[in-house]
Every structure is written in C-alpha cells, then in structure tokens.
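Please find below some notes on this model, set out as numbered points. They are meant to be read with the structure open alongside.

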Amino acid sequence: MIYVFGLAAACALGIGFVLQQHAAERAPVGDVLHFRLLWDLAHSRMWLGGIACMVVGQLLSAVALGKGELSQVEPLLVTNLLFAFALASRLSGQRLGSSGWVGVLLLGGGVAAFTLAGRPSAGTAEDIGTLRRWLVIGVVIGLALLLIATARHLPLFEEPPLLATAAGLLYGLQDALTRVSIDVFGSQGLLALLVRWEPYTLIALAVTGLMLVQSAFEAGPLRMSLPALTAAEPLAGIACGIGFLGDQLRTDVAALAWEAAGLSGIVVGVFVLARHPAMPGQVPAREAD
C-alpha cells in the first residue's frame, strides 16, 4: 500500500506542477519572490486546479509517510516527473522518442535500484540527539536561504533552477516534519500535536516553498525548474530521514554501490526527461508589473 499511495501522490503532484507552471508563466514579472504572486495566481482557474492536484498529492504522500519510512517514500515521489512529462507531452503533441524512453528507464530504474538495495527501515528518533536534529534542520534551511540570496543577484532567466532547488530542500524538510506530526498525532492525539512546533513550521515551509516554486515557474520554462525541484526534494527528505528521524539504510559495500547508482539514475533521468521537447520551453510574453 505504501507504493500505491506514493505513486498516486506522484501522479497528482506531476499533473499539478504542469498546470501551475502554465498559469504562473503569465503572471507579472514583478511578482517573483513576493507572496503577492500567490494572491495574483489565485484568480486563475488553471492554477487553482493545479493547487488542488498538489493538495491531493500532499495528502496521499502524507498517508504514504504514515505507513512507511521517509527514505522509502521519497524515491517514489520522484516519479511525479513521469506524470508531468505525460501531460506536457499530450499538451505539446510531442512523442516520447528515444531520449524520453532513456529518461523513463533511468528514473524508474533508479527508484527501483535505490529502494531494493537500501531496504529502508525505521529507526528510533529518540536515539538522535537534539544537537544533531537541529544541525540537520539548520543546514537544510541555510542552504535554501543561500540559494535564494544567490538567485536574487542573477538575471531573471537564471533564477529558476536555484529557486526550485531551494523549494525542493524545504519540501524535503516538510516531508520529514509531516512524518513527525503524523507520529505525534497517532500516539498522543491532536491536543499534543497542537502544542508542538512541528505542525506550524510545516505550514510555514509549505507556504514559503509554494511561493518559491511559483516564482521559479514564472521566471522560466518548466524544464528549467522541475528537474531541480524533483531531484532536491527526495535527497533532502532522505537526508532528514536519516539525520533526525533515525531511518536506516543497508550499508554493506554492494548495497551502497547500488544505492549510489540508483540516486545517480534518478538525478540523470530527471534532467534527461526535463530537457525533452515535450516539456514547455518557451516563455510567453507577460505583462509588466
């Protein structure tokens, strides 16, 4: 059931990303990296449809996270690009072609290799020290802030990969905090969850990540942002799962080799698919702010 919910979540997320990008690329340029961008986009039916798909995807991923380990679910969510690719291909009329099949095989094979080789299993978060937990969180947020600060000093058309990577890092951390919140709710109830910091941080990460993603979608074509977003989220999520949730992977030589090969296949497959002609590649004229 973990894999069913994970793949269903990936499907909804992939469709949602395509719809959001089609709407965001028409928003005023001056809205980039401003929360008013979300207000402007809220008037677009296509964008709202994309957000609805994304919410469904997030709920399904939360169910998957509640049933399995973070390191087990995250690789499945990477396949959202396959569904985004299918929709973008249909909208553009482009066939899959040889490069598309290569990307599909690399991405699907990478997910399978990592999951089968790593055999992720739950550890005990209680054994993770507070310093280590906050160090991991601080590194993830710090890297995201560094990417945002760097993007602000670049031309608009160079910003999407950095902004999408920052959003992916925050989404990976959000996935980890979702797992924590689900565990607290399941063991201690709603009142105990409401007095903890995790759910409120989770909401802040979700809103900030959404603004960054829409800014990346607005500043350039989908192929410039979706690869970075899709690759960064699972890598950050797996790092958080191991770093402060206590998830464990097999660490013998053979397992490590296949895990590295699987992650490499995921990243390379993401970029191959994102460069396929079916992915939107032109930025239409937009109104000035």
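**Notes on helix packing**

1. The axes of helix α3 (residues 45-67) and α8 come within 9 Å of each other and cross at roughly 55°. α3 and α8 are therefore oblique to each other, and the crossing of the two helices is right-handed. It should be kept in mind throughout that this is a predicted model.

2. Which residues meet where α3 and α8 cross? From α3 the contributors are Met54, Gln58, Ala62, Leu65 and Gly66, and they meet Tyr171, Gln174, Asp175, Thr178, Arg179 and Ile182 of α8. In general terms, an α-helix has 3.6 residues a turn, so residues three or four places apart point the same way.

3. One residue of this contact can be followed further, namely Thr178, which lies in helix α8. Is Thr178 buried or exposed? Its relative accessible area is 12%, and because the cut-off for burial is under 20%, Thr178 counts as buried. Leaving aside residues up to four places away in sequence, Thr178 touches Ala62, Leu65 and Leu202; of these, Ala62 and Leu65 are listed among the α3 residues that meet α8.

4. Helix α8 itself spans residues 160-188, and its 29 residues reach 41 Å from the first C-alpha to the last, which is close to the 42 Å expected at 1.5 Å a residue. The residue that follows α8 is Gly189, and its phi is positive, near 95°.

5. A second crossing that deserves attention is that of α1 and α10, whose axes come within 8 Å and cross at roughly 60°. That angle makes α1 oblique to α10, and α1 passes α10 in a right-handed crossing. On the α1 side the residues involved are Phe17, Gln20, Gln21 and Ala24, which meet Leu210, Gln214, Phe217 and Glu218 in α10.

6. A search of the whole structure finds 2 aromatic pairs. In one of these, the rings of Phe17 and Phe217 have their centres 6.2 Å apart and their planes at 75°, so the pair is edge-to-face. Phe17 belongs to helix α1 (residues 2-24) and Phe217 to helix α10 (residues 198-219), so the pair ties together parts that are 200 residues apart in sequence. Phe17 counts as buried, at 4% relative accessibility, and Phe217 is likewise buried, with a relative accessible area of 1%.

7. Helix α6 (residues 97-118) can be described in similar terms, since its 22 residues reach 31 Å from the first C-alpha to the last, close to the 32 Å expected at 1.5 Å a residue. The buried residues in α6 include Gly100, Gly103, Gly110 and Gly118, together with Leu107, Val111 and Phe114. After α6 comes Arg119, whose phi is positive, near 45°.

8. Turning to the protein as a whole, there are 12 helices and 0 strands, and the pattern read along the sequence is α-α-α-α-α-α-α-α-α-α-α-α. Of the 289 residues in the protein, 51% are buried. How many of the contacts between residues at least 6 apart in sequence join residues at least 24 apart? The share is 87%, and the pairing of Phe17 with Phe217 offers a specific case of parts distant in sequence, 200 residues apart, being tied together.

Note on methods. Residues numbered from 1 in each chain as written. Predicted model: local features only at pLDDT ≥ 70, side-chain atom pairs only at ≥ 80, totals over all residues. Heavy atoms only, no water. Phe/Tyr/Trp six-rings, centres within 6.5 Å; stacked < 30°, edge-to-face > 60°. Helix = DSSP H or I, 4+ residues; strand = E, 2+ residues; numbered from the N terminus. Buried < 20%, exposed > 50% of the residue type's maximum accessible area, 1.4 Å probe, protein only. Expected span 1.5 Å × (residues − 1). Axes fitted to C-alpha atoms, helices over the stretch in contact; angles between N-to-C directions. Parallel < 35°, antiparallel > 145°, perpendicular 65-115°, else oblique. Left-handed = near helix turned anticlockwise from the far one by under 90°. Contact = heavy atoms within 4.5 Å.
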